[in-house]
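Colleague: I'm new to this one, so could you walk me through it? I'll ask, you explain.

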Amino acid sequence: MSDSLSKKDDSIGAINRVKILAAAEKEFAIHGFKGTRVQHIADRAELPKTNILYYFKSKDGLYLALLQEILSLWNSSFDNAKVQDDPAQVLAAYIADKMEISRCRPDASKIFALEIINGAPNLSSFFKDQHSTWMNSRVAVIQQWIELGKLPEIDPYYLLFNIWASSQHYADFSAQITELKGHEMDQNEFANATKSLIKLILQGCGLTVPKQYQ
C-alpha cells in the first residue's frame, strides 16, 4: 500500500513540476526575471503558491531549474555525438532539433537570450562551469573530426555559434519575421527554413546534405 501511495505522489509531483515549469516559461518570457512574481506563476499553473515553493524553494531555484531544462533541451542528440559518427548526420540532426525547438518553444529561447544579454547575472558559477564543460566536450569532438579529415579546418566554436545564432533567430526575432513576411511562419515554412539552414551550414563545411534533410 505504501509503495503504491509513494508512486502516486511521485506521479503527481512530476505532473505539477511540468505545469509549474511551463507556467514559469511563459511568465519569465513576458516579464523577465525581475518582473516575474511567483504568485503569477502559481496563477498561470492553477496551483497554490505554496506548491511552487515546495518543489523549487524560491523564484531563483525555479528560474535555474528552467534554464537547466532549456539547455538540456537544446543540447539534444548532440550530447551523444562521438568521433566515430558522421558529422553530416550529426550536425543536420542538431540543426533540425534546434529549429524544431524554436518553432515549438520560442519562449524558452527568449528567456535564455535575455539572461545572456543582461550578462548572465542569475547564473551560478556551477551552472556556468557546467555549460562550459559541455561546450568543451563538443568542441573536442568537432576538432577530432577535423583532425581525421571528416571536416575542413574550421573553428569549432564559430561553427556552433553560427548554428545557435541561425536557428534561435527564428524564436528570438519571431516578431520581426512575422512583420517582414506578413504572417507567422507555419509548420511547412519552418520545415523549408530548416532544410535551407542545414544546406547552408553543411555545404559551408564541405559536407553532403543527408537525403532525409534534402
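Colleague: Let's start in a loop: is Ala120 buried or exposed?

Modeller: First, a word on the source: this is a predicted model, where local features need pLDDT of at least 70, side-chain atom pairs count only at pLDDT 80 or more, and totals for chains, interfaces and linings use all residues. Residues are numbered from 1 along each chain as its sequence is written, and side-chain values use heavy atoms, with hydrogens and water left out. Buried means under 20% relative accessible area, exposed over 50% and partly exposed in between (1.4 Å probe, protein chains only). Ala120 has a relative accessible area of 11%, so Ala120 is buried.

Colleague: Where does Ala120 sit, and what is its phi near?

Modeller: Ala120 is in the loop between helix H6 (106–117) and H7. Its phi is positive although the residue is something other than glycine, and the value is near 55°.

Colleague: Which loop holds Lys57, and is Lys57 buried or exposed?

Modeller: Lys57 is found between helix H3 (49–56) and helix H4 (59–75). Lys57 isn't a glycine, yet it has a positive phi of about 70°. With a relative accessible area of 66%, Lys57 is exposed.

Colleague: Zooming out, how many helices and strands does the chain have?

Modeller: Helices (H or I, at least four residues) and strands (E, at least two) are DSSP runs, numbered from the N terminus. Along the sequence the pattern reads α-α-α-α-α-α-α-α-α-α. The count comes to ten helices and zero strands.

Colleague: What share of the chain's residues count as buried?

Modeller: The C-alpha atoms fill a box of roughly 55 × 45 × 35 Å along the principal axes. Of the 214 residues in the chain, the share that counts as buried is 40%.

Colleague: Why is H5 called largely enclosed, and which residue caps its N-terminal end?

Modeller: H5 is largely enclosed by the rest of the structure because 13 of its 18 residues are buried. At its N-terminal end, a side-chain oxygen lies 3.1 Å from the backbone nitrogen of Ala88. The residue that supplies this oxygen, and so caps H5, is Asp86.

Colleague: How far apart should the ends of H8 be?

Modeller: The expected span of a helix is 1.5 Å times one less than its number of residues. Helix H8 (residues 156–172) has 17 residues, and its end C-alpha atoms are 23 Å apart, which agrees with the expected 24 Å.

Colleague: What reaches the backbone nitrogen of Tyr157 at the start of H8?

Modeller: Tyr157 itself lies in helix H8, and at 32% relative accessibility it counts as partly exposed. Within 2.8 Å of its backbone nitrogen comes a side-chain oxygen of Asp155.

Colleague: Which residues of H8 are buried?

Modeller: Tyr157 isn't on that list, as it counts as partly exposed. The buried ones are Pro156, Leu159, Leu160, Ile163, Trp164, Ser167, Gln168 and Ala171.

Colleague: Last one: what is Leu151 in contact with, beyond its neighbours within four places in sequence?

Modeller: Leu151 is in the loop between helix H7 (125–147) and H8, and it is buried, with a relative accessible area of 5%. Its C-alpha atom and that of Asp86 are separated by 10.0 Å, though the two residues are 65 apart along the chain. Taking contact as heavy atoms within 4.5 Å, the partners of Leu151 are Pro87, Ile142, Trp145, Ile146, Cys205 and Leu207.

Conventions
Polar contact = N/O pair within 3.5 Å; in protein donor to acceptor, adjacent residues only side chain to side chain.
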